[in-house]
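I opened this entry to look up how the helices, the buried residues and the surface of this model fit together. My notes follow in the order in which I looked things up.

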Amino acid sequence: MEIPDYSSSVDKICISEENCEYLHELINRLDDKYRDVILLKSLGFDNKGIAKVMNISEELVRQRYSRAKKQLWEMGGKNLYAESF
């Protein structure tokens, strides 16, 4: 079974206060290892910086970020997707 890539959907989220609160709730439901990567990305860290801070490989950062986005999508992040884009 092929898993779709939803990474481009992140750019199409309609930003509103309500959406931010909802996304915050979803992020808080993630396992720590995924939540930390998402939060560090949101602070502007690149994969290399996150790898150094978390003492893991850059490849593991990429995997966790990808898995975190997939989990966010499956938990209801697709409801943030703006159909008009």
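The expected span of a helix is 1.5 Å times one less than its number of residues. I applied this to helix H4 (residues 58-75) of what is a predicted model, and its 18 residues reach 25 Å from the first C-alpha to the last, close to the 26 Å expected. Just after H4, I noted that Gly76 takes a positive phi of about 135 degrees.

I then asked which residues of H4 are buried. I found Val61, Arg64, Ala68, Lys69, Leu72 and Trp73, and these buried residues pack against helix H1 (17-28), helix H2 (32-42) and H3.

Next I looked up the largest nonpolar core, which has 7 residues in all: Leu26, Ile27, Leu30, Tyr34, Ile38, Ala68 and Leu72. H1, H2 and H4 are the elements that give two or more residues to this core. For Ile27, leaving aside its neighbours within four places in sequence, I listed contacts with Arg35, Ile38, Leu39 and Leu72. A second, separate core has 6 residues, among them Val37, Leu40, Ala51 and Val61.

Finally I turned to the surface, where Leu43, Phe45 and Val53 make a nonpolar patch of about 300 Å². Val53 belongs to helix H3 (residues 47-54), and I asked whether this Val53 is buried or exposed. Its relative accessible area is 52%, so Val53 counts as exposed, the cut-off for that word being over 50%. I set beside this the general remark that in soluble globular proteins nonpolar side chains tend to be buried together.

Note on methods
Residues are numbered from 1 along each chain as its sequence is written. This is a predicted model: local features need pLDDT of at least 70, side-chain atom pairs count only at pLDDT 80 or more; totals for chains, interfaces and linings use all residues. Side-chain values use heavy atoms; hydrogens and water are left out. Patches are made of residues with over 30% relative accessible area and no salt bridge: like charges are joined within 9 Å, nonpolar side chains (Val, Leu, Ile, Met, Phe, Trp, Tyr) within 5 Å. Accessible areas come from the Shrake-Rupley method with a 1.4 Å probe; for residues, only the protein chains shown count as cover. A salt bridge is a side-chain nitrogen of Lys or Arg within 4 Å of a carboxyl oxygen of Asp or Glu. Helices (H or I, at least four residues) and strands (E, at least two) are DSSP runs, numbered from the N terminus. Buried means under 20% relative accessible area, exposed over 50%, partly exposed in between (1.4 Å probe, protein chains only). Contact means heavy atoms within 4.5 Å. A nonpolar core is a set of buried Ala, Val, Leu, Ile, Met, Phe, Trp, Tyr and Cys residues joined through side-chain atoms within 4.5 Å.
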